[in-house]
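Please walk me through this structure in the viewer. At each stop, say what to select and what is there.

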Amino acid sequence: MAEKETDPLEGTSYSKILFIVGSLFALVSLWAFVDEFIVRRSWIGFQFKFNSMETQKLDEEYKQAKTQIDANQLKDVRLHIEQAEAKLESPEVKTLRNEVAKRNIVLVDAKQHFGFAKADQDEVFYEWKHHQLEGGDFAHYKEKYLELDDKLKELKQGVEKAEVSANEIQDQINQSEDEKKKWQGEEKKLLAPLAVLERKMKGVAERPIEIKQVVIDDLGKGGPAVKWGTVDRCESCHMAADRAGFEDFSQPFKTHPHRDEIFKDHPVEKYGCTTCHGGDGRATQIKGEIFGEQDFVHGMDHHSSSPLLRGDAVQSSCTKCHLEQFHLPNAPTVELGKKLFMSRGCIGCHVIKGYEDYPKAGPALTKVAGKVDPEWLYAWIKDPTHYLPEAKMPTIPLDIESAGQTEKVMSYILQNSQPLTFKFGSFPGGNAVAGKETFERVGCIGCHTMGGKGTGLAVALDRINEKTGADWIYNWIQDPKAISPEARMPSLRLSPEEAANITAYLIQQGGGKAATDEALRAKLADPENAKEGFLIISQFGCYGCHTIKGFESMGRLSVDLSTFGKKDIHELDFGDTHIPETWDDWTHGKLKNPRVYLNEKTSSKMPNFRLKDEQINALTLFLKGMKGEEVPDRFVETHVRDRQKEIDQGRRLVERSNCKGCHLIEGEGRLVEQVIGPEKSPPNLMGIGARVSPDFMFRFLKDPGSMKVRHWLDIRMPTFGFNDQQINAIMAYFSALDHVPPTFTSVPDKKPDAESLAAGASLASSDYFSCFSCHFQGAQTPASPPSQWAPDLAQARNRIRYDFIPKWVQDPQKFTPGVGMPGFLPNDESAPKDVLGGDHLKQADAIRDYIFNLGQ
Amino acid sequence: MSSTIPESERLKPVENPANLWTRREFFGFAGWAAFLSGIGLGLLGFLRFMFPRVLFEPSPFFQAGKPDEYVDGEVSEKYKESQRVWILRQGAKIIAIQAICTHLGCTPRWLSLEVKFKCPCHGSGFTKEGVNFEGPAPRPLERLKITLNDEGMLLIDKSKKFLWEKGQWDDPESFVTV
Amino acid sequence: MNLIKIKAQYEEVRKQIVDSYVWKSIFRHGYKDIPRNRVLMTASNVFLHLHPSKMRRHGIKVSYTWCAGGLTFLFFLILTVTGVILMFYYRPVGEYAYVDMKYLQFDVPFGMIMRNMHRWSAHIMVILVMLHMFRVFLTGSYKPPREFNWVIGVILLVLTFLLSFTGYLLPWDQLAIWAVTVGTNMARATPLMGNEGPLAEQMRQLTGLITPRYDARSLLTAGTIVGAPTLLRFYVLHCIFIPIATAVLIIVHFWRVRKDGGISGPL
């Protein structure tokens, strides 16, 4: 080429730039591929790993199963199969087969002829109907149709005949075939365990490597505005979470540790995983190290609003649906938190949805002036632990911002205290020694503690004389409701003499009253102080836990905590502290010391509850669940929800009345057993709902003094003074625990037949089960030692459900685990052979009939 | 060719093949190659983009009540609307037939008087058992996997099909015996 | 030695292709480096004819314009391509928009990179548009005879902002909803048209309109709140309305660059 003078600008080559930019572009594209297929799909690796682990497991099981098959038997069966096969290959069978083939040809021909004829007839039928409907002449077609009908019948017979003749021979062949099939079946039966494993192995081998997801449209954060609210892919890696048998595998391949208890009512297909566990269900990518900063899957990145809940923290999710439920066997920590929230009086200031009308935690202060001295009260408010180390009353932050607040508060309360009239007069004096005996005998220690003895459900009485006087005690223990209608303490129906003795005993306990402080009393009498006291009480919310005159219509003092769990950390004030900025740490710090976040500009009225660390954790967990999330009814089936509410009313009453101090309910309680021993303790109430008739339970709870079921026990069932509504709630609760309806039933009018009665009498007698060696019969005392005594059977008719006794005598442990009564008739084998034909069900009915007939 | 460019000025082959590419030419080629491979990868990626990794489709499984809900010898249309499945009980045997015509995929009608399935699109007809006997349909209707679950409910899996022409109608999973 | 062979083979193949009938029916002119051929080469190719067949010497110098306008156009093209690809999976419906965005992010192969390319390209385009305008201002290229193209450029700038703003709502997450709530609330202060703007009272008396229900803001949000109708409206604006307007103006803009004397030179 001719040399040309090139313009340096024109001649500039950009090929290097093109190369650099083009290469960068290609490399970036390549990078996108690597990222797409490797980096972002960590679940693929997990699936391969799990499949190989499962194959290995199945391999071992297969080897194990193989050794357990009887080789000789298998050999024998296989020999039989070979023989049967040989027979099928024999010349005779071969000729038969040829014959069948020939006859089948005839059959197919016959069928075809029939089919063609039928088609012809259909055509004629169409023409006939067509002409008929068009109004034309159709007689010709009709005639032809009928003609063809005859022909068809004939052809049909031909088909049937051909069929019969073919089947004749076929049946002969089938006999030999059946023989072979029989032995093949035997072989299959022998190899069945292997076949199951083989099928499983094939399943693993054919399992596609793909994302496994649960899609739930209407559950999740978006509410109805977002479709597919919950999409959980957790099982893409946690492949065995919902499969038994992988308990020993390490995460992420482990079986869910509570699969049996939880998955039964909460199937993954319906509830998903993140609903309880948190984390990002849609994400499938774990970046960097597992559970590191950028772990999107488990919600560990800093943008995530729901990081994975680990350990006990998962329990907080139960609150979403089970907020109103007091008893959660699978979530003990949350249950503890909920109970603390109610019993320590948090609910007095902070409202929570579903617990708006929960009763106040502390005693009424409307008549407090008649009960305690100002000196004691002052010391108590200042520091409750001084009088009761385990006091429920929190330490109120009075006198911190300005001095003299305590006196002003007391001044208001005492000046507004109503005068106390003693219904039973003043303390007449009594015998303290007898009082101590009565105190320990009738059941005071079912709730109270004295000298380290007692259940600790109510206050310790060791220093009672420092707090109050003999007149007040004497009147209070006889009828607490006469002094304070909202008193939690029930009446033990003490006689005036018993009450006097107990008072004499109690009034000896403690160091006596403090010296009168005239200066304090003068301050308390000042009406100006009372006026200021009113304002201080409204600020500090004493009325949240105590009924105080003048505050009856006051609202809750502090914030509603129904949605506290979803508070953003920007909504929480960490003050000058160096506490880590998380919701958990804030709440923990606040509960540990409510004043920890205060600085010069902020103030707080929250008192210090002196909580222990485990209590703080439980409360934190309970509050963490308070996210106010709406869960569609479908997930909390409505009938369960209503029923649950009903049951829970009863459960709350049982909790509040300290029933579990003496009785065993839902497997908990009967603390008194450790103090007075099991033989003197009140009965185990497991299965009580199925046992007693509703009308008896109603009458008994209304007035337990009117009837004594276990009259040999010294301890008394107190009179709680329940109203009808409360008793119904308790009955609904007990019935629901035993899955029986709380409905009234009657004993059938029909008299039991004599045979049954006689059989029942015989079975109950010492010949067989000796019922009366433990049970009373009217006034007749049983022979066994008192620790084995049981209630009067002559009263059973009035107290026990008609259908209960037959089930009870079969297996009492099923209703009341730990009951002393043996199971006499669990099945026919245990039934005496010579009574009612040895039928255990009939015998159980006979015993019922006999017992219900006692005293008639 | 309508060009008026004289032959002498047209592109000529390189006269000396022994001359290697100049550096400029090489970078030009390599640059274009890299650019085009980037575009190619992009197109491949786009193709992959069109196939999402996970689908939000209804589950192929559904429960179809208890066996005693079905009348002997009658085709049940209970699940035709919602699942496109007929359930047929014959004696102790229960089968699930997919309501998709084997011709071009319309939903046939069950004509109980004429005891046949008839496709409204092109007139294919099937017997009660699903065997084609008229019209263009080339093969019988497909049957679906049907099993009894632990609670005695019929469980149908629409993802597993049993075809007559493959001899699968005798497969023990293609019917339930009660 | 091998390379020589390959080269020879390459030339052979190349010759056959270039001399073929098909090739010549498409590319009329060889690349013989003479001025006439250069012009014909450019003028007869649909893509190349967008460029001027001849340009001034200073137009080649990259450091004068930094190609800011051309790069803006490149990013407009990238946005169009990635945007169309995203449309395969995105439904502008309240119930689905957010989950579709998540679907693209987590499930659709290359969905994340398409989404991120679209997003980052949008940011870059806005920056480039401003840089381009800055350059035009500094070089005084807005002066006659280019004053009309400056006006078109300003309109294109506004359209770019509007594209950016309407696209911001489409992920349908909290950020999107609140950002658009804030943005559209400014429209309440539109003179005459916004119900809280200057002269709104007079307009209301005059027309009976300009209430929160009928004003500039409700025109944008298709209601009184940012809801599902807003999403659909913004989607149509983002994908159809504004891109078409932008494309038409870009054509005019390019046309005017050529007709007003090509890329402006140093003064």
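## Domains of chain A

Start by colouring chain A by its domain assignment, which gives domain 1 (71–190), domain 2 (368–544), domain 3 (635–737) and domain 4 (754–853). Keep in mind throughout that this is a predicted model.

## Domain 3 against domain 4

Select domain 3 and domain 4 of chain A; their C-alpha centres lie 24 Å apart. The contact involves 18 residues from domain 3 of chain A and 15 residues from domain 4 of chain A. Together the two domains bury about 1500 Å², with carbon and sulfur atoms accounting for 61% of it.

Now show side chains on the domain 3 side. A:Ala690, A:Arg691 and A:Trp712 lose the most area to domain 4 of chain A, and together they make up 37% of what the domain 3 side buries. For the helices here, pick α27 (688–691) and α28 (694–702) of chain A, each of which supplies at least two residues of the domain 3 side that touches domain 4.

What polar links join domain 3 and domain 4 of chain A? There are 7 residue pairs in polar contact, both residues of each pair being at pLDDT 80 or more. The count of salt bridges between these two domains of chain A is 0.

## The largest nonpolar core

Next, select A:Leu377, A:Trp380, A:Phe439, A:Leu506, A:Ile537 and A:Ile548. Within the largest nonpolar core, which has 59 residues, these touch the most other members. Then colour the helices α13 (374–382), α15 (405–415), α16 (432–442), α18 (470–478), α20 (496–506), α21 (518–525) and α22 (527–540) of chain A, the elements that give two or more residues to this core. The largest share, 6 residues, comes from α20(A). Domain 2 (368–544) and domain 3 (635–737) of chain A each contribute at least three residues to this core.

Centre the view on A:Leu506. Which residues is A:Leu506 in contact with, leaving aside its neighbours within four places in sequence? They are A:Phe439, A:Met450, A:Leu461, A:Ile464 and A:Ile473.

Apart from the largest core lies another, of 50 residues; to find it, select A:Val654, A:Phe804, A:Val835 and A:Ile851, which are among its members. As background, nonpolar side chains tend to be buried together in soluble globular proteins.

## Where chain A meets chain B

Move to the interface of the two chains, where the contact takes 24 residues from chain A and 20 residues from chain B. About 1800 Å² is buried between chain A and chain B, and carbon and sulfur atoms give 74% of that area. Display A:Leu18, A:Phe19 and A:Phe33: in chain A these lose the most area to chain B, together 26% of what the chain A side buries.

For the charged pair, select B:Arg53 and A:Glu36, which form a salt bridge with their closest N and O atoms 3.3 Å apart. The rule finds 1 salt bridge across this interface, along with 2 residue pairs in polar contact, both residues being at pLDDT 80 or more. Now highlight helix α1 (residues 15–39) of chain A, which gives the most to the chain A side of this interface, with 13 residues.

## Chain B on its own

Finally, hide chain A and show chain B as a cartoon. Chain B has 2 helices and 11 strands, and from the N terminus on its elements run α-β-β-α-β-β-β-β-β-β-β-β-β. Of the 178 residues in chain B, 35% are buried. Among contacts in chain B between residues at least 6 apart in sequence, 41% join residues at least 24 apart.

Conventions
Residues are numbered from 1 along each chain as its sequence is written. Chains are lettered from A and ligands numbered from 1 in the order in which they are written. This is a predicted model: local features need pLDDT of at least 70, side-chain atom pairs count only at pLDDT 80 or more; totals for chains, interfaces and linings use all residues. Side-chain values use heavy atoms; hydrogens and water are left out. A nonpolar core is a set of buried Ala, Val, Leu, Ile, Met, Phe, Trp, Tyr and Cys residues joined through side-chain atoms within 4.5 Å. Buried means under 20% relative accessible area, exposed over 50%, partly exposed in between (1.4 Å probe, protein chains only). Helices (H or I, at least four residues) and strands (E, at least two) are DSSP runs, numbered from the N terminus. Domain bounds come from an automatic or database domain assignment. Contact means heavy atoms within 4.5 Å. Buried area is the accessible area (1.4 Å probe) that two parts lose on being put together, summed over both. A salt bridge is a side-chain nitrogen of Lys or Arg within 4 Å of a carboxyl oxygen of Asp or Glu. A polar contact is a pair of N or O atoms within 3.5 Å; within protein, one must be able to donate a hydrogen and the other to accept it, and residues adjacent in sequence count only if both atoms are side-chain atoms.
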